[in-house]
Amino acid sequence: MKNIMLVCVAGMSTSLLVSKMQKAAQEQNIEADIYAIAESEVDKILATKMADVLLLGPQVRYLKGTFEKKYTDMGFPIDVINMMDYGMMNGENVLKQALTLIG
């Protein structure tokens with residue numbers, strides 16, 4: 001099971017992307033828990049839920065450095081979702097990005 005956390009300003013704009021990623025995962029028989037949260041909720045969620053990768057929406061890309069410092073000891077990769085894939089809501093490409101980062 002892969003745990004993929006998407007982070008945006010309010011957790012709303014990534015909801016459609018999560019649905020498309022879940023659909024792509026099902027089509028590829030990949031077990032994944034994909035969820036979107038607001039950047040203000042990351043600490044709270046990580047206190048109770050594991051993440052294998054954290055992907056930032058392009059609108060919160062400025063948080064990457066802060067998150068890398070803050071969560072480095074948790075051992076998961078942090079990256080920014082490709083702006084084109086985000087804009088096109090390309091769940092398949094974003095899922096591929098997440099899985100590549102997980103390794």
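What follows is a chat between a biologist and a modeller about this predicted model.

Biologist: Let's start with the sheet. How many strands form it, and in what order?

Modeller: There are 4 strands, and they make an open sheet ordered S2-S1-S3-S4 with parallel pairing.

Biologist: Which strands stand at the edges?

Modeller: Strand S2 (32-38) and strand S4 (78-80) do. Each has a single partner strand, so one side of each is left without a neighbour in the sheet. As for the twist, it averages 25° from one strand to the next.

Biologist: Over how many bridges do S1 and S2 pair?

Modeller: Over 7 bridges, in the parallel sense. For one of the residue pairs, take Leu-6: its bridge partner in S2 is Ala-36.

Biologist: What about S1 and S3, how many bridges join them?

Modeller: Those two run parallel and are joined by 4 bridges. If you want a residue to click on, Val-7 has Leu-56 in S3 as its bridge partner.

Biologist: And how many join S3 to S4?

Modeller: 3 bridges, again with the strands running parallel. Leu-55 is partnered there with Asp-79 in S4. Between those two strands the chain goes from S3 through H3 to S4, and that β-α-β crossover is right-handed.

Biologist: Stay with S3 for a second. Are its residues Val-53, Leu-54, Leu-55 and Leu-56 buried or exposed?

Modeller: They're all buried, and both faces of S3 are covered. Val-53 and Leu-55 are on one side, with Leu-54 and Leu-56 on the other. That fits the usual pattern, because in a regular strand the side chains alternate between the two faces of the sheet.

Biologist: Which strands does helix H5 lie across?

Modeller: Helix H5 (residues 91-102) lies across S1, S2, S3 and S4, and it runs at about 140° to S3.

Biologist: Switching to S1. Where does Asn-3 sit, and what is it in contact with?

Modeller: Asn-3 is in strand S1 (residues 2-8). Not counting neighbours within four places in sequence, Asn-3 is in contact with Asp-33, Met-50, Ala-51, Asp-52 and Val-53.

Biologist: Why does Asn-3 count as buried?

Modeller: Because its relative accessibility is 13%, and the cut-off for buried is under 20%.

Biologist: OK, charges now. How many salt bridges does the count come to?

Modeller: The count comes to 6. In general, side chains of opposite charge can pair when their charged atoms come close.

Biologist: Which residue does Lys-64 form a salt bridge with in helix H3?

Modeller: Glu-68, with the closest N and O atoms 3.5 Å apart. Lys-64 and Glu-68 are 4 residues apart in helix H3, so about one helical turn separates them. Lys-64 also meets Asp-79 in a salt bridge, at 3.9 Å from N to O. Asp-79 lies in strand S4 and Lys-64 in helix H3, so this pair ties together parts that are 15 residues apart in sequence.

Biologist: So what are Lys-64, Glu-68 and Asp-79 linked in?

Modeller: A network of salt bridges.

Biologist: And how accessible are those three residues?

Modeller: Lys-64 is at 25% relative accessibility, so it counts as partly exposed. Glu-68 is partly exposed too, at 36%, and Asp-79 is partly exposed at 22%.

Biologist: What about Glu-27, which residue is its salt bridge with?

Modeller: Lys-23, with the closest N and O atoms 3.3 Å apart. Glu-27 and Lys-23 are 4 residues apart in helix H1 (residues 15-27), so they're separated by about one helical turn. Both Glu-27 and Lys-23 are exposed.

Biologist: Last topic, rings. How many aromatic pairs does the structure hold?

Modeller: There are 2 aromatic pairs. One of them is Phe-67 with Tyr-71, which is edge-to-face, 5.4 Å centre to centre with 75° between the planes. Those two residues are 4 apart in helix H3, so about one helical turn separates Phe-67 and Tyr-71.

Biologist: Are Phe-67 and Tyr-71 buried or exposed?

Modeller: Both are buried.

Biologist: Which residues form the aromatic cluster?

Modeller: Phe-67, Tyr-71 and Phe-76 form one cluster.

Terms used: Residues numbered from 1 in each chain as written. Predicted model: local features only at pLDDT ≥ 70, side-chain atom pairs only at ≥ 80, totals over all residues. Heavy atoms only, no water. Buried < 20%, exposed > 50% of the residue type's maximum accessible area, 1.4 Å probe, protein only. Contact = heavy atoms within 4.5 Å. Pairing = 2+ DSSP bridges. Axes fitted to C-alpha atoms, helices over the stretch in contact; angles between N-to-C directions. Salt bridge = Lys/Arg side-chain N within 4 Å of Asp/Glu carboxyl O. Right-handed = clockwise from strand over helix to strand, strands pointing away. Phe/Tyr/Trp six-rings, centres within 6.5 Å; stacked < 30°, edge-to-face > 60°.
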